[in-house]
Amino acid sequence: MKPTVVDHIGVAVKSIDEALKFWQGTLGIECHGVEEVAEQKVKTAFLPLRDTEVELLEATAEDSPVAKFIEAKGEGIHHLAIRVENLEAALEELKAKGVRLIDEKPRIGAGGAKIAFLHPKATGGVLLELCERD
Ligand code: ZN
């Protein structure tokens, strides 16, 4: 498995519009678009910073994982995503090492990336996403 860069950091917010006032307005990190990922019941805003980006996540339904996260913990850092060269192979390797996965197979996330989440119980409490981009 070849982890390369921190692909993005996911931040759970109640409102992307409100959060952009700080991230874009105050910090000056330009938002490069907002995309809805229906399967995950989230809207995502991308704020690129050189090789990585901040992703703001807003729930689009009450039963969205992001809504549940905010209900339990409040707004804040939701997950860390690390890019790998071959996600299928990385998941096979982790399975062989006995690592608990949320996604056994890659699925398509925001920006068309292949993504998979590892279980926080296997990572010392970090919701870790692996992703592969072309
Ligand atoms: Zn992510």
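pLDDT is the predictor's confidence in each residue, from 0 to 100. This structure is a predicted model, with a mean pLDDT of 95. In the protein, 100% of residues reach 70 or more.

**Exercise 1. Confidence by element**

Task: State which element has the lowest mean pLDDT and which has the highest.

Solution:
1. The lowest mean belongs to strand β6, residues 107-108, at 92.
2. The highest belongs to helix α1, residues 16-26, at 98.

**Exercise 2. The zinc site**

Task: Name the protein donors of the zinc ion and find what the pair His79 and Glu129 ties together.

Solution:
1. List the donors: His8 through NE2, His79 through NE2 and Glu129 through OE. They lie 2.0 to 2.1 Å from the zinc ion.
2. Read their spacing along the chain: H-x70-H-x49-E.
3. Place the pair. His79 is in strand β5 (residues 76-84), and Glu129 is in strand β8 (residues 128-132). The pair therefore ties together parts that are 50 residues apart in sequence.
4. Check burial: both His79 and Glu129 are buried.

**Exercise 3. A nonpolar patch**

Task: Identify the residues of the nonpolar surface patch, then locate Val6.

Solution:
1. Val6, Ile9 and Ile77 make the patch, about 250 Å² in area.
2. Val6 sits in strand β1, residues 3-13.
3. Its relative accessible area is 36%, so Val6 counts as partly exposed.

**Exercise 4. The aromatic pair**

Task: Classify the geometry of the rings of Phe22 and Trp23.

Solution:
1. The whole structure holds 1 aromatic pair.
2. The ring centres of Phe22 and Trp23 are 5.6 Å apart, and the planes meet at 80 degrees.
3. Planes over 60 degrees apart count as edge-to-face, so this pair is edge-to-face.
4. Phe22 is partly exposed at 41% relative accessible area. Trp23 is partly exposed at 21%.

Technical notes
Residues numbered from 1 in each chain as written. Predicted model: local features only at pLDDT ≥ 70, side-chain atom pairs only at ≥ 80, totals over all residues. Heavy atoms only, no water. Donors = N, O, S within 2.8 Å, 3.2 Å for Na, K, Ca; no water. Helix = DSSP H or I, 4+ residues; strand = E, 2+ residues; numbered from the N terminus. Buried < 20%, exposed > 50% of the residue type's maximum accessible area, 1.4 Å probe, protein only. Patch = residues over 30% accessible without salt bridge, like charges linked within 9 Å, V, L, I, M, F, W, Y side chains within 5 Å. Areas by Shrake-Rupley, 256 points an atom, 1.4 Å probe, with all protein chains shown as cover. Salt bridge = Lys/Arg side-chain N within 4 Å of Asp/Glu carboxyl O. Phe/Tyr/Trp six-rings, centres within 6.5 Å; stacked < 30°, edge-to-face > 60°.
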